[in-house]
Amino acid sequence: SPGGAPRKLISDVDTKVSFAPGGQEFTFGRGMPQIQESAIFIASADGTNERKIAARKFPGSFLSTPVWSPDGKTTATIVKTGIAQGEEHFLIGIDLASGEQKPIGQKMWNWHREITWMPDGSELLVNMQEKTGDPHQIWRVDYPSGEVLNVTNDFNDYRGVSMTADGSLVTVKNTLTANLFVAPFEKLENARQLTFVEGISFYGLSWTPDARIVYSSNSGGKRDI
């Protein structure tokens, strides 16, 4: 009730929860190192009737919140295949009746942030990093074919993705801006800006003997000098 005291429903929950259509049940992930297993559970909204629906043995594991599909039949999540880091995460669907796990397409990712279903269940929106060093972007993944299309494709870093009931996308966009300045050592407040660009990163710089500056940036789409 509004203003009421909080009440613990379930312990040992390692992801956010995702509610079924109607809100009577929710899913969540749990790592269980004592039995070398990662699992997805369902529980009633009041915390009772907890039951395991899918599991993966370490070093494989479920990584993201298992998000419930609008038709109530499937939960989608991200899994990793082993102990190596980078570009080994992929999207799966878990049949809630049988527990069967099926890959959604063949796309491999480096890292994830959030996934969510479109209101009609025809696609998922995923907030992913494609390769190490890339900004996190937002992608559309057709369900069940797994065909992947860009929603964003720029130097900004997007954090989280969610959908309103009418199909509007909500996210947070981080824009990184870095520029080069030069200043006299004795009067650093008199810095003079040399570059005027947005949405890029610098990775190092050095003076040359003839008083020019060599620097590395991703202004061309990858790290160049």
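This is a walk through the strands, the nonpolar core and the pockets of the structure above. Keep in mind as you look that the model is predicted.

Let's begin near the start of the chain. An open sheet is built here from four strands in the order β1-β2-β3-β4, and their pairing is antiparallel. At its edges stand β1 and β4 (51–57), each with a single partner strand, so one side of each is left without a neighbour in the sheet. Inside this sheet, you can follow β2 (residues 25–32) alongside β3 (residues 37–44): the two are antiparallel and are joined over eight bridges. A handy pair to find on screen is glycine 31, which stands opposite serine 38 in β3.

Further along the chain comes another open sheet of four strands, ordered β10-β11-β12-β13 and again with antiparallel pairing. Its edge strands are β10 and β13 (148–150), and each of these pairs on one side only. Across this sheet, neighbouring strands are turned against each other by 30 degrees on average, direction ignored.

Now take the pairs of this second sheet one by one. β10 and β11 run antiparallel and share six bridges; here tryptophan 117 faces leucine 124 in β11. The hairpin that these two strands make has five residues between them, and in it glycine 121 takes a positive phi near 75 degrees. On the next step across, β11 (residues 123–129) pairs with β12, also in the antiparallel sense and over six bridges. There, asparagine 127 stands opposite isoleucine 138 in β12.

Some of these strands return when we turn to the side chains. The largest nonpolar core has 13 residues, and those that touch the most other members are Ala76, Leu91, Ile115, Leu124, Val126 and Met128. Two or more residues of this core come from each of β7 (74–80), β10, β11 and β12. Which strand gives the largest share of this core? That is β11, with three residues. Leu124 is a good place to pause: this residue is among the core members with the most contacts to other members, and as the partner of tryptophan 117 it also belongs to the pairing of β10 with β11.

Finally, let's look at the pockets. The largest has a volume of about 530 Å³. Its lining is made of 25 residues, and nearest its centre lie Gly133, Asp134, Pro135, Phe155 and Asn218. Both β12 (137–142) and β14 (157–163) supply at least two residues each to this lining. What is the mix of residue classes around the largest pocket? The lining divides into six nonpolar, 11 polar and eight charged residues.

The second largest pocket holds about 290 Å³ of space. It is lined by 18 residues, with Trp68, Thr116, Trp117, Ser162 and Met163 nearest its centre. Two or more lining residues come from each of β1 (18–19), β6 (67–68), β10 (111–117) and β14, and β10 gives the largest share, with four residues. By class, this lining has 12 nonpolar, five polar and one charged residues. Trp117 is worth a second look here: the residue that lies among those nearest the centre of this pocket is also the one that stands opposite leucine 124 in the second sheet. β10 itself thus links several parts of our walk, as an edge strand, a contributor to the nonpolar core and a part of this pocket's lining.

Key
Residues are numbered from 1 along each chain as its sequence is written. This is a predicted model: local features need pLDDT of at least 70, side-chain atom pairs count only at pLDDT 80 or more; totals for chains, interfaces and linings use all residues. Side-chain values use heavy atoms; hydrogens and water are left out. On a 1 Å grid over the protein atoms alone, a cavity is a set of points where a 1.4 Å probe fits but cannot get out, and a pocket is an open set with protein on both sides within 12 Å along at least five of seven lines; lining residues have an atom within 4 Å of a point. Grid points are joined across faces, edges and corners, and a volume is the space filled by probe spheres set on the points. Ala, Val, Leu, Ile, Met, Phe, Trp, Tyr, Cys and Pro count as nonpolar, Asp, Glu, Lys and Arg as charged, and the others, Gly among them, as polar. Two strands pair if DSSP finds at least two bridges between them. Axes are lines fitted to C-alpha atoms, for helices over the stretch in contact, and angles run from 0 to 180 degrees between N-to-C directions. A nonpolar core is a set of buried Ala, Val, Leu, Ile, Met, Phe, Trp, Tyr and Cys residues joined through side-chain atoms within 4.5 Å. Buried means under 20% relative accessible area, exposed over 50%, partly exposed in between (1.4 Å probe, protein chains only).
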